[in-house]
Amino acid sequence: MTELTVDLGFLRLKNPILTASGTFGYGLEFAPFVELNKLGGFVVKGLYYKPKEGNPPPRLVETASGLINAIGLQGIGVEKFSEVILPQLQKFDTTLIVNVCGDEDDEYASVVEYLDKQEGISAYELNISCPNTKREGRCPALQADTTHAVVSLVKKTSKRPVITKLSPNVTDIVEIALSAQEAGSDGLSIANTCRAMAVDVEKRKAKLANVFGGLSGPAVKPIILRMVYQVACRVRIPVIGVGGIMCGRDALEYLIAGAKAVEIGTANFIDPEATVRIIRELEEFCRDKGIERIEDIIGTLRI
Ligand SMILES: Cc1cc2nc3c(=O)[nH]c(=O)nc-3n(C[C@H](O)[C@H](O)[C@H](O)COP(=O)(O)O)c2cc1C
């Protein structure tokens, strides 16, 4: 049996497979399909302080090898999450990470301050990189100084570890990653979706009501993998890879490139059992290759 535990430093996961925010609801929706206790952990849908309706429909478009979404971070807000969802999630024996959103920097800190008083959360993932919200085109993760400002503000209040979720829509991902690290981020998740659009040629209209959305799925994997590798070579804090992982071998590519764990997103829409299947595929690969600990494969890319 391969030892699948991974140590992020601030958090130990029973295996490197997490769910990506926004693609796994609040976790409970998937309980009929997936044995949640088997997961390394899950990252719940992004939470603002107050409930949000998100963008008007249509909000999802399929593309060749991907999905463009413009959900706009619809969510129930911290109060309802803490009162209704969290008590149910506390029954599961897996790591819970809450994805934190904000229209202004202060809002991130307020969400974290509220959640800090609740039990059963292991870490926060700061969503400073959503490409299809009110802040679109100016989300903090697009620049090093704005990234630094929001991460340091949250780190001042947070009692729990903070993972900063970066945007792929930048020229130099390493510069942004280093600024998040300098601001005290405990880890990085790379990355959110790639800003994109699609056109209905009959109507000559954008397929999304919001015009722009974020591309995810297999189409983005080679780009995000490159970013994970570039960043993992330069930072001290752990990197979590997120983008286009559909099978165990995709996850292995990220681990070999230096990610300590990965998040599974779009794959959940195609196969609700994708996460547990990927864990099984990782185990099979390691068994076939005689790898005793999954950690032995992390960052082993040969150049
Ligand atoms: C429908 C949908 C909703 C999403 N909602 C969020 C969200 O609330 N917060 C966030 O940080 N990322 C969100 N994302 C981005 C994913 O967490 C992930 O970063 C991205 O989809 C890339 O991974 P994938 O290619 O495996 O899907 C969303 C993605 C999709 C497809």
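This passage describes the ligand site and the unusual backbone geometry of a predicted model.

In this predicted model, local features require pLDDT of at least 70 and side-chain atom pairs count only at pLDDT 80 or more, whereas totals for chains, interfaces and linings use all residues. Residues are numbered from 1 along each chain as its sequence is written, and side-chain values use heavy atoms, with hydrogens and water left out.

The ligand sits in the largest pocket. A pocket is defined, on a 1 Å grid over the protein atoms alone, as an open set of points where a 1.4 Å probe fits, with protein on both sides within 12 Å along at least five of seven lines; a molecule sits in a pocket if more than half of its atoms lie within 2 Å of its grid points. The ligand is surrounded by 23 residues (a heavy atom within 4 Å of it), and the closest are Ser21, Lys165, Gly217, Gly244 and Thr266. This shell comprises 15 polar, 6 nonpolar and 2 charged residues, where Ala, Val, Leu, Ile, Met, Phe, Trp, Tyr, Cys and Pro count as nonpolar, Asp, Glu, Lys and Arg as charged, and the others, Gly among them, as polar.

Polar contacts (pairs of N or O atoms within 3.5 Å) to ligand oxygen atoms involve both side chains and backbone. The side chain of Lys165 places an N or O atom 2.8 Å from an oxygen atom of the ligand, and a polar side-chain atom of Asn99 lies 2.9 Å from a ligand oxygen atom. From Gly217, a backbone N or O atom lies 2.8 Å from an oxygen atom of the ligand. Of the 610 Å² of accessible area that the ligand has on its own, the protein covers 97% (Shrake-Rupley method, 1.4 Å probe).

Most residues other than glycine have a negative phi, and most peptide bonds are trans. Pro57 and Pro58, however, are joined by a cis peptide bond with omega of about -5 degrees; Pro58 lies in the loop between β4 (41-47) and β5 (60-63), strands being DSSP runs (E, at least two residues) numbered from the N terminus. A cis peptide bond also joins Ile190 and Ala191, with omega of about 15 degrees, and Ala191 is located in the loop between β10 (187-190) and β11 (194-196).

Ser65, although not a glycine, has a positive phi of about 65 degrees and is found in the loop between β5 and β6 (66-69). Its relative accessibility is 45%, so Ser65 counts as partly exposed (between 20% and 50%; 1.4 Å probe, protein chains only). Arg204, likewise not a glycine, has a positive phi of about 50 degrees and lies in the loop between β12 (199-200) and β13 (205-206). Arg204 counts as exposed (over 50%) because its relative accessibility is 76%.

Notes. Polar contact = N/O pair within 3.5 Å; in protein donor to acceptor, adjacent residues only side chain to side chain. 1 Å grid on protein atoms, 1.4 Å probe; cavity = no way out; pocket = protein on both sides within 12 Å on 5 of 7 lines; lining within 4 Å. Helix = DSSP H or I, 4+ residues; strand = E, 2+ residues; numbered from the N terminus.
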